[in-house]
Amino acid sequence: AAREGGGADGEGAATASEAGAGAAEAAFSVGSSEVTDSDDDDTFFSDESSLLEDEMDKRAIDEANAHSIHEAVPETLIDSIYHRSVSLSVPALKAFIFQLCRVSRMEISGYGGHVGSSSNAVDLTAVHYRQQHTLLSGHTSDEKGHYNQPDIYSLQKMVEVAHYNMDSRPRLVFADVWTTVSAHLTSTALHTNPAVATYAVDSFRQLSIQFLQREELGVFEFQRKFLKPFETVMARCEHVSVKELLLNCVEQIILLFGSDPSAADGGAESTPRAGLRKEAAEKQYRDTLRSGWRPILTVLGLAGHDADDGVAKMGFKMLTAQLRQCIAVDKLSHKLPSVRKSSSSSSAPPGGRTLTRASSHSTLALRGDRFVDLIDSLLMFVSGPREDMGLLSLDHLVTLSNFLADESIPLPLLRQRSSVISKPPPPGGDAGATNEGERGAATTTSGGLGSQELELWWPILLGLSRAVGDPRQGVRVKSLVTLLAIINQHFFAAAANGASGGTRREGSIDDPAEEKSSAPQHGDLQTLQLIYRGVLTPMLEHAEVNAAVSDGRSVPPLPDDFEHFVTMAPSKQKSSGAGASGDPPGWLDSTFDHMMDGCVSICLRSMEIYKSDVLVEEVLAMFNSCLISDSGALAVRGLRRLNQFVTEDMDADSITDDTWATVCHMLRRCLTVRGLPGDISTRRDSTKDLTNGEGSNSEGNAAGNESDDREEMIELLNEFVMEEEILADRRYIGSNAVMIIGSLLGNRSYVTSMGLRWYLFLATGLGRGIKEWEESARILSTYSPRVATSNEGPMPPHYLENALYGRKYMVRFMLHLVSKEDVLNPEISSKGSEGDKATVGKRTAAAAKILIKEQTDALLSAFLAKEATVAGDDSGVARPVPEACRAAEVRRMTELVCELMDGFNKLDDSRLFALSGITPTLSASIQSNNKTVRGAVHNLVQRMFSEDGPLSDRMKKKVVKNAASKPSSAVKSSADQPKLSS
């Protein structure tokens, strides 16, 4: 103070310094005189001074020092230090407040110690310091009661210093100082002593009221930074009385600096605080709260998460009042003269609402940031522990959405875009001639009001999307219903709303030009695409999380015709879901179907209105998110709903080739096994090919590379086995995918719609899937599981069962292909066609022949191998599956082989001739031990090579060729005979 002050102030500060030094010397003499000069000062001490010297402790010394300083230094000089802090420089002020906060912290906590000692680092929420304090040891309980009350002298002085410097310092400087002050006040407001915490909250109130009287400038959000500590106190404080006081402080701030509450309540006479409101109106600080709305409304929202019902009800009541007031503000501004009435003849911009919204009175219209913060606060109550308040908050969100969609009410104002501010005036006119309607149109076309309006809608949509994941069924179901209703009501054409029973809005009646210009209310297909990607699709994350939490409770279903021969078939009670065990239904059981039905309904409605299938890809993207999930239950539900979407919701004739391509790729991906390693022999062969012909060094490198590849393959196999143990329920996906593919390829209308190309694509994918399932079963049988599987729930299907189920449908597909005339006779498909169509038809027919040959060879080869395993002829093959299960598999495969051979045998000669490529495999199948198979193969081969069979000409040519070659060989042998005899 002596360095900063001047003149009399400097002399006064110097005097205070001298007085302080003298007081310190006096205090030191009090502590040391009884040790050094006890014999000289007989006037002050009696004969019992030696006993007092032994009993004196640190507390007495501190009290004596404080008493001496209090008598030596006048109190007015001490107060002048705080009053004259406004004359300190900025660094000196920061240092002064920082040290003052440290002293206040020591006073409140009860710790002593010099500046910079570890005693200053205390936890204000702890209570053990009272038991460990050295100043209180050795005293009675009555004496301790006097010292249990913390000292708040320095805290008071710190508040005074902040008060003195608030108006005299620049905002940036005080914002830096406020960081230190608010941190100390926040920690004090969290004190375990309610009296101390109450004083800190009241100090916040006083300083906030003083600070908010200064108008906020530009983009500097000082109000938000100043009121930010209110959120911390509300979230972490443990005293109900302190939270109630904080809510009262917030209410007072709203009454003083918020909007006029009489617009919502019908006048000041009907309010319980009429006198306070009248006094606040006289100060003319109404509507000066800007960025401070965010922490204010956040505090009200945090009240919904409080454990005390009184605090929650108080916060919800205040928030509801703010909701009514926000709507009343814009309704009041709507009563003012509007520019639209005078400019109704101007052209309406896209959206149909720009003129009304842009022409609102800027001084009364609601701020957009306040509107968004109000939505966030309501969403806090939705996610709070009280379901009744959450449901009421959802109703309030519906009210806000209707308010936002009402064309007669101006939009909440957001900050102006730079593109609109800097836009030059139109040619041929001055800047003043630009009316409000043209400004609104410019804002819309340049991404202004249209994007701003979507910014106001987005918090509502996104908040409801998050609320759909609520663990309470009532909240999530109502959130989903509310979300879908808002999208269907406010994000489609106005004509469609009128046709569906909605009210036709003002300004859109019987005017074709205006109706055409205002067709999309809040956007077009691009807006709906954005809603799908940002609002609807993220809801599937709740399904995946719920499926992971309730793992084992909901068992994915299997096809009705699925055959079990390794695992046990689940009972109906176990496969009925979570409701059978008495637990409440999970997210998948109660919400998934309703959500997908709503998303599909929005897509179909957009196709009807906009005559475009753009949203079909978005719906398929949602199904794809389900299929690639780690949860087998979610993937199976997505598969079945995808089948319903293609077969029931959409017309087969309206499905485009691009849609079939997407669907077929999704179904084919479901037939693959995730993480299946490649073939070891392929890696070895590739390694040998790279190292051939390089000498002995190359052979050594090849051996090393082969060893590394083997180790890498073993590691991959171990990872695959571990993943299969963790994600075993994904085995349900394969069988359900086969069932859906079978239903699609078994329907003539869908086969005609997709064409032979995608038919072969799915059938080929099924063949590869069967091969991968067989390989996966072999790997899992070779490597024993590391984690013991529990036998409590139903076991997922075995890969061998999936493979057998796939072979059953593969036989049907092959028989269907051979029965088509355009497959085995490509000339029929290309007849009457020219150019590329004929070429495509021949290529597709050739691909179909290759598929039939490959899958027939695969079926017969697998049958012979499994038959040899059951018979015990192949001793090198591992047999982890019981013999009874193997025998059941062979019996079922025997039926499939006979069914395929009988189907081939029923073909006419022209088609059977096209299957000549399978004769080598048929010849090998005659060696089967099964009489039925041998008989079926023998009948087919006998017919193919009989005198009237399709391959009889080829056999005759071969016989003639052999007979012709015999005379020439005889002549040659006779010519060589004399030479041999000679």
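**Patches and single residues in a predicted model**

Let me begin with E617, which counts as partly exposed because its relative accessibility is 33%, and the cut-offs behind that word are that buried means under 20% and exposed means over 50%. Please keep in mind, as I go on, that what we are looking at is a predicted model. E617 sits in helix α29, which covers residues 614–627, and together with D613, D657 and D658 this residue forms a negative surface patch.

There is also a patch of another kind, a nonpolar one of about 420 Å², and the residues that make it are L172, L217, V219 and F220. If you look for V219, you will find it in the loop that runs between α10 (194–212) and α11 (222–236), and with a relative accessible area of 62% V219 is classed as exposed.

Now, is N165 buried or exposed? N165 has a relative accessible area of 1%, so this residue is buried. N165 belongs to helix α8, residues 153–166, and its side chain reaches the backbone oxygen of V161 at 2.7 Å.

My last residue is R934, which is part of helix α43, residues 931–944. With a relative accessible area of 27%, R934 is described as partly exposed, since that value falls between the 20% and 50% cut-offs. How far apart in space are R934 and S923, taken from C-alpha to C-alpha? The distance is 9.9 Å, while along the sequence R934 and S923 are 11 residues apart.

Key
Residues are numbered from 1 along each chain as its sequence is written. This is a predicted model: local features need pLDDT of at least 70, side-chain atom pairs count only at pLDDT 80 or more; totals for chains, interfaces and linings use all residues. Side-chain values use heavy atoms; hydrogens and water are left out. Patches are made of residues with over 30% relative accessible area and no salt bridge: like charges are joined within 9 Å, nonpolar side chains (Val, Leu, Ile, Met, Phe, Trp, Tyr) within 5 Å. Accessible areas come from the Shrake-Rupley method with a 1.4 Å probe; for residues, only the protein chains shown count as cover. A salt bridge is a side-chain nitrogen of Lys or Arg within 4 Å of a carboxyl oxygen of Asp or Glu. Lys and Arg count as positive and Asp and Glu as negative; His and the chain ends are not counted. The place of a charge is taken as NZ of Lys, CZ of Arg, CG of Asp or CD of Glu. Helices (H or I, at least four residues) and strands (E, at least two) are DSSP runs, numbered from the N terminus. Buried means under 20% relative accessible area, exposed over 50%, partly exposed in between (1.4 Å probe, protein chains only). A polar contact is a pair of N or O atoms within 3.5 Å; within protein, one must be able to donate a hydrogen and the other to accept it, and residues adjacent in sequence count only if both atoms are side-chain atoms.
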